[in-house]
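This report looks at side-chain packing: nonpolar cores, aromatic rings, charges over rings and a polar contact. Please view the sequence and the structure first.

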Amino acid sequence: MTSTTIDAAFVKHFQAEVVTAYQQIGSKLRSTVRSKNNVVGVSTTFQLIGKGNATTKERNGVISAMEFEHKPVECVLTDYYAGAWVDKLDELKLGHDERRAIAQTGAYALGRKTDELIINALNSSTNTVSDSAVELNKETILDAFTKLNNADVPDDGERYALVSPAQWNQLLNIEEFSSSNYVGDKTPFIAGIESRKWLGINWIMHTGLPSDTGSHTCFIYHKNAIGHAVGMDIKTDISWHGDHAAHFVNSMMSQGACLIDEKAVVKIVCSD
């Protein structure tokens with residue numbers, strides 16, 4: 001390895017480790033929303049499709065077309081970077097574990113940004129349970145559950161709930177949530193986080209939810225309510241900077257998120 005080039009195997013392995021780390025320990029929410037990959041341009045459009053009505057027809061008659069809401073929702077993409085300097089002399093001592101640690105750090109940063117984009121889109125909903133902070137108890141949850149059902153949000157296994165650690169502890173005080181007699185032994189697999197399925201909802205504990213003094217904002221939503229767009233998935237660039245006598249290792253991505261269907265997102269401001 002010279003001072004101005006890096007072995008191709010090093011770059012290939014580093015890139016693979018960043019991608020693997022992002023998939024394993026990065027975003028916790030990407031799989032819980034509607035996602036579109038390989039977007040070309042600065043934005044893309046998700047379609048909000050409303051409810052359609054079935055009709056009858058006379059024999060040999062013409063079938064009437066369904067009339068339903070059809071609204072495009074724009075999702076703007078933004079570029080994000082997570083970089084780190086690697087001193088040339090340190091490269092002489094750079095082992096596999098250290099390289100993996102740097103890769104994981106970048107993957108964590110970009111994963112948190114992905115979740116932040118999704119949470120911000122959820123938080124843009126004005127569909128709330130209460131005007132003030134409430135305890136996340138069974139009554140509050142059933143109020144939110146009713147809002148989804150009244151809006152005919154599909155109960156198809158793709159409903160999700162995000163709660164903070166404080167609210168997760170409140171949920172554990174609800175016997176129907178904490179007891180396997182009600183929820184069973186199977187839980188949705190979401191890498192790196194506590195999760196459980198109850199009321200047909202995949203409950204997820206997340207540390208990145210909006211917070212205020214003594215409260216957190218939690219969400220119950222359907223997967224199709226949020227759009228997540230990827231212009232470029234995680235890539236890594238490694239370049240030499242002589243004035244620093246170091247290589248700059250930069251991981252980057254281009255992503256965006258948007259609220260598609262406000263009725264399918266219920267916000268709950270929960271007291272801690």
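## Nonpolar cores

A nonpolar core is a set of buried Ala, Val, Leu, Ile, Met, Phe, Trp, Tyr and Cys residues joined through side-chain atoms within 4.5 Å. The model is predicted. Its largest nonpolar core holds 38 residues, and L171 and W203 touch the most other members. Several elements each supply at least two residues of this core. The helices are α3 (96-123), α4 (138-150) and α5 (165-171). The strands are β5 (159-163), β7 (201-205), β9 (215-222) and β12 (265-271).

What does L171 touch, leaving out residues up to four places away in sequence? The contacts are L136, I141, V163, F177 and W203. There is also a second, separate core of 15 residues. Among its members are F14, A82, L110 and V249.

## Aromatic pairs

The structure holds six aromatic pairs. A pair of aromatic rings is described by the distance of the centres and the angle of the planes. One pair is F177 with W203: the ring centres lie 6.0 Å apart and the planes meet at 85°. Why is the pair edge-to-face? Because planes over 60 degrees apart count as edge-to-face, and the angle here is 85°.

This pair links distant parts of the chain. F177 sits in helix α6 (residues 175-178), W203 in strand β7, and 26 residues separate them. Both residues are buried. W203 also pairs with W198. That pair is tilted, with 5.9 Å centre to centre and 35° between the planes.

How accessible are the two tryptophans of the tilted pair? W198 has a relative accessible area of 8%, and W203 has a relative accessibility of 1%. The cut-off for buried is under 20%, so W198 counts as buried, and so does W203. W168, F177, W198 and W203 form one aromatic cluster.

## Charges over rings

Which residue lies over the face of F177? R196 does, at 5.3 Å from the ring centre. Elsewhere, the charged end of K36 sits over the ring of F46. The distance to the centre of that ring is 4.8 Å.

## A buried polar side chain

N202 lies in strand β7. Is N202 buried or exposed? With a relative accessible area of 4%, N202 is buried. The side chain of N202 has a polar atom 3.1 Å from the backbone oxygen of G157.

Notes:
Residues are numbered from 1 along each chain as its sequence is written. This is a predicted model: local features need pLDDT of at least 70, side-chain atom pairs count only at pLDDT 80 or more; totals for chains, interfaces and linings use all residues. Side-chain values use heavy atoms; hydrogens and water are left out. Buried means under 20% relative accessible area, exposed over 50%, partly exposed in between (1.4 Å probe, protein chains only). Helices (H or I, at least four residues) and strands (E, at least two) are DSSP runs, numbered from the N terminus. Contact means heavy atoms within 4.5 Å. Rings of Phe, Tyr and Trp (its six-membered ring) pair if their centres lie within 6.5 Å; planes under 30 degrees apart count as stacked, over 60 as edge-to-face and the rest as tilted. A charge sits over a ring if NZ of Lys or CZ of Arg is within 6 Å of the ring centre and within 35 degrees of the ring normal. A polar contact is a pair of N or O atoms within 3.5 Å; within protein, one must be able to donate a hydrogen and the other to accept it, and residues adjacent in sequence count only if both atoms are side-chain atoms.
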